[in-house]
Amino acid sequence: MNILTLLLAVLPVLGGPDARLQVRLSDDGGRLRYEIAYDGKTLVKPSLLGLQTNEADYTRLEVLSADTQELRDTYVLDRIKASRIDHPAVRTVLHCQNPEGRKLDIEWHLTANDAAFRYRIPREGETGSVRVLRETSAFRFPEGTTGFLTPQSDAMIGWKRSKPSYEETYRLDVPLAERSHYGHGFTFPCLFRVGGDGWVLLSETGVDSRYCASHISDYDPQEGYTIAFPMPEENNGNGTVEPAFALPGVTPWRTLTVGADLAPVVETTIAFDVVEPRYQTTRAYRYGKSTWSWIVWQDASMNEADQIAFIDLAAAMGWPYILIDAGWDQEFGHAGMEKLVGYARSKGVDVFLWYASSGWWNDIVQSPVNVMCDPIERKPEMRWLERIGVKGVKVDFFGGDKQETMRLYEAILSDADDHGLMCIFHGATLPRGWERMYPNYVGSEAVLASENMVFGQYQCDIESQNAALHPFLRNTVGSMEFGGVFLNKRLTRANGAPGRGGRVFGTQRRTTDAAELAVAVLYQNAIQNFAITPNNLTDAPAAAIDFLREVPTTWDETRLIDGYPGRNIVLARRQGATWYVAAINADEEPLKLDVKAIEARLGGSATVLSTGKDGLQRGPAPKKPLSIPKDDGAVLIVR
Ligand code: CA
């Protein structure tokens with residue numbers, strides 16, 4: 001027996017709490033690899049572990065010993081798809097060293113369907129900090145695996161040079177060999193179908209001011225996908241791409257959610273399980289629904305009459321919020337805004353205000369600008385926001401994934417909490433565990449969101465495809481502030497009424513009203529800025545308006561009933577004793593929805609919102625399964 005097999009013999013196999021999930025470690029000539037199997041089937045092939053800092057090279061590692069601890073992930077979180085998390089987990093720390101004897105721990109956190117790992121670098125001797133030059137952490141998949149992927153954008157391109165803004169299109173079921181559109185790899189999360197053997201959702205969590213956000217490279221035939229750091233060009237070239245932290249310190253968690261089917265992918269809470277709150281709050285934050293004029297009425301609506309119309313709409317809906325978007329400072333000034341906020345509050349409606357993050361890493365002209373990026377400007381502004389009773393800010397147009405941008409997100413959140421302000425981020429990266437890390441964080445865009453349905457027809461044409469995709473992917477690892485649910489048929493103020501020269505303007509919604517109501521459940525964000533307009537109170541079906549008054553924005557439980565990413569989905573979310581089951585179909589083939597079977601499964605009787613011959617209808621469960629054609633949907637309220 002040679003040295004190599006001796007080492008192999010002592011490498012542990014890590015098992016999840018129910019032993020269906022296994023992580024096997026192997027020594028590949030001094031390089032450490034992990035492999036993930038579920039029900040005995042390999043879902044991740046032997047893939048490299050390791051990283052390199054400016055102080056030590058940890059790409060060659062030997063495992064000296066391992067500590068394993070059984071624990072439970074138990075916590076309450078009021079802003080995501082599940083409110084009480086309580087499941088067993090196994091934490092294993094691999095104590096490793098490199099050939100020079102420098103120590104490194106690799107921590108693995110395994111649940112029934114998740115495997116997460118991160119690196120912990122100890123303090124050895126005088127050295128108190130490190131810069132990470134690269135990570136070799138890799139992800140190799142079996143032959144025939146296909147991916148559901150969105151590309152990492154070039155920096156400093158697009159609208160006012162504001163990219164990357166994490167607003168790219170998805171490629172569905174594509175081979176691993178497919179190159180990313182910009183050549184920079186793919187944005188988290190990434191979903192993989194390992195033939196008929198199972199599914200893998202790959203993401204990261206626990207990114208804060210002490211690291212950069214990462215993505216994955218294009219697929220290398222030998223080593224697969226590798227963790228990739230931001231591009232130097234991001235943030236207009238300002239700030240390093242090499243994250244640095246104090247010792248002892250940790251990297252973010254890389255998370256792999258695996259299963260034989262898609263339920264674990266949709267129901268996972270791993271993004272929240274392994275992170276801790278960064279600070280405690282003394283404030284009570286209230287979540288709910290909001291109007292915003294900008295999405296359909298656009299820039300021209302930044303005037304008093306229109307903002308009052310949307311405040312009154314929120315009041316008529318019984319919704320707690322209005323979001324007043326870009327340009328409010330130029331139209332109203334701070335004094336005028338104080339009056340408008342006072343009017344809103346007299347109607348029982350609280351206010352979110354929009355800010356650009358900065359003008360030093362893009363060419364943004366929408367204002368206010370250069371306030372949220374600057375702690376000196378931010379301080380009096382947030383005091384003023386609190387004094388006039390504003391409840392939250394929407395900060396837009398961030399500069400990418402560098403550590404200095406992560407510091408800005410965290411600084412804004414921390415200061416905002418001092419003033420009782422919730423934070424929504426747009427033009428922003430994926431949130432990585434932030435719902436649990438920051439008590440006043442309430443959602444990010446990080447998706448090609450509703451505005452693109454107003455700007456161009458194509459996103460309207462694929463609306464149902466997106467609604468059948470995001471619950472499996474973007475929205476399963478973090479809140480998604482999409483800003484959708486349109487009841488206008490044309491996404492303009494005129495809503496199809498002829499304009500100049502008798503022409504009808506605007507993009508055209510392809511979905512039924514029932515499908516739009518399904519979107520209100522399929523997309524999850526604690527604050528939902530819905531895209532309805534004042535005319536919908538009279539021109540939309542009363543059943544739709546009643547449903548939008550009622551539908552919750554936070555959930556106690558989420559269960560996948562059926563579906564395939566980008567084709568169709570049937571998703572159940574529970575608040576209290578009531579289940580809201582949303583279905584949407586993006587496929588040419590009709591989706592069969594057996595309401596009786598769902599009633600039996602969830603235990604209750606259903607009220608059904610579906611499309612009848614005269615449009616949206618509300619009624620009891622039909623005896624025969626509903627047949628839902630392309631771009632149609634349904635909502636079942638099961639009590
Ligand atoms: Ca945007």
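Helices, of at least four residues, and strands, of at least two, are DSSP runs numbered from the N terminus. With that convention, Thr-533 is placed in the loop between strand E27 (527-529) and helix H14 (536-539). The model described here is a predicted one, and the points below take up this loop residue, a strand residue, two open sheets, the nonpolar cores and the cysteines.

**Thr-533, in a loop**

- Although Thr-533 lies in the loop between E27 and H14, the residue is buried, with a relative accessible area of 1%.
- Its side chain makes polar contacts with two asparagine side chains, that of Asn-535 at 2.7 Å and that of Asn-488 at 3.2 Å.
- When neighbours within four places in sequence are set aside, Thr-533 is in contact with Val-296, Trp-297, Phe-310, Leu-313 and Asn-488, so that Asn-488 appears both in this list and as a partner in a polar contact.

**Leu-201, in a strand**

- Leu-201 belongs to strand E15 (residues 198-205) and counts as buried, because its relative accessibility of 2% falls under the 20% cut-off.
- The C-alpha atom of Leu-201 is separated by 7.9 Å from that of Thr-255, a residue 54 positions apart from it along the chain.
- Beyond four places in sequence, the residues in contact with Leu-201 include Pro-189, Cys-190 and Leu-191, then Thr-255, Leu-256 and Thr-257, and also Phe-472, Leu-473, Thr-476 and Val-477.

**Two open sheets**

- Four strands form an open sheet in the order E1-E2-E3-E4, and their pairing is antiparallel.
- Strand E1 (13-15) and strand E4 (41-48) stand at the edges of this sheet, and because each has a single partner strand, one side of each is left without a neighbour in the sheet.
- From one strand to the next, the twist in this four-stranded sheet averages 20°.
- E1 is joined by three bridges to strand E2 (residues 21-28), the two running antiparallel, and Gly-15 has Gln-22 of E2 as its bridge partner.
- Another open sheet consists of three strands in the order E5-E10-E18, again with antiparallel pairing.
- Here strand E5 (51-53) and strand E18 (244-246) are the edge strands, each of them pairing on one side only, and the twist averages 40° from one strand to the next.
- Strand E10 (residues 129-135) and E18 run antiparallel and are joined by three bridges, with Arg-131 standing opposite Ala-244 of E18.

**Nonpolar cores**

- The largest nonpolar core has 178 residues, of which Tyr-34, Ile-106, Trp-108, Phe-425, Phe-547 and Leu-548 touch the most other members.
- Helix H13 (residues 513-522) supplies the largest share of this core, with eight residues.
- Apart from this core lies another, of 18 residues, which has Ala-572, Ala-621, Ile-628 and Ala-634 among its members.
- Not counting residues up to four places away in sequence, Phe-425 touches ten residues' worth of surroundings that include Val-395, Phe-398, Tyr-409, Ile-412, Leu-413, Trp-434 and Tyr-441.

**Cysteines**

- The count of disulfides comes to zero, where a disulfide requires a pair of cysteine sulfur atoms within 2.5 Å.
- For Cys-373, the closest cysteine sulfur is that of Cys-423, and because the two sulfurs are 14 Å apart, they are too far from each other for a bond.
- Cys-373 is buried, with a relative accessible area of 10%, and Cys-460 is likewise buried, with a relative accessible area of 1%.

How values were computed: Residues numbered from 1 in each chain as written. Predicted model: local features only at pLDDT ≥ 70, side-chain atom pairs only at ≥ 80, totals over all residues. Heavy atoms only, no water. Buried < 20%, exposed > 50% of the residue type's maximum accessible area, 1.4 Å probe, protein only. Pairing = 2+ DSSP bridges. Axes fitted to C-alpha atoms, helices over the stretch in contact; angles between N-to-C directions. Core = buried A, V, L, I, M, F, W, Y, C linked by side-chain atoms within 4.5 Å. Contact = heavy atoms within 4.5 Å. Polar contact = N/O pair within 3.5 Å; in protein donor to acceptor, adjacent residues only side chain to side chain.
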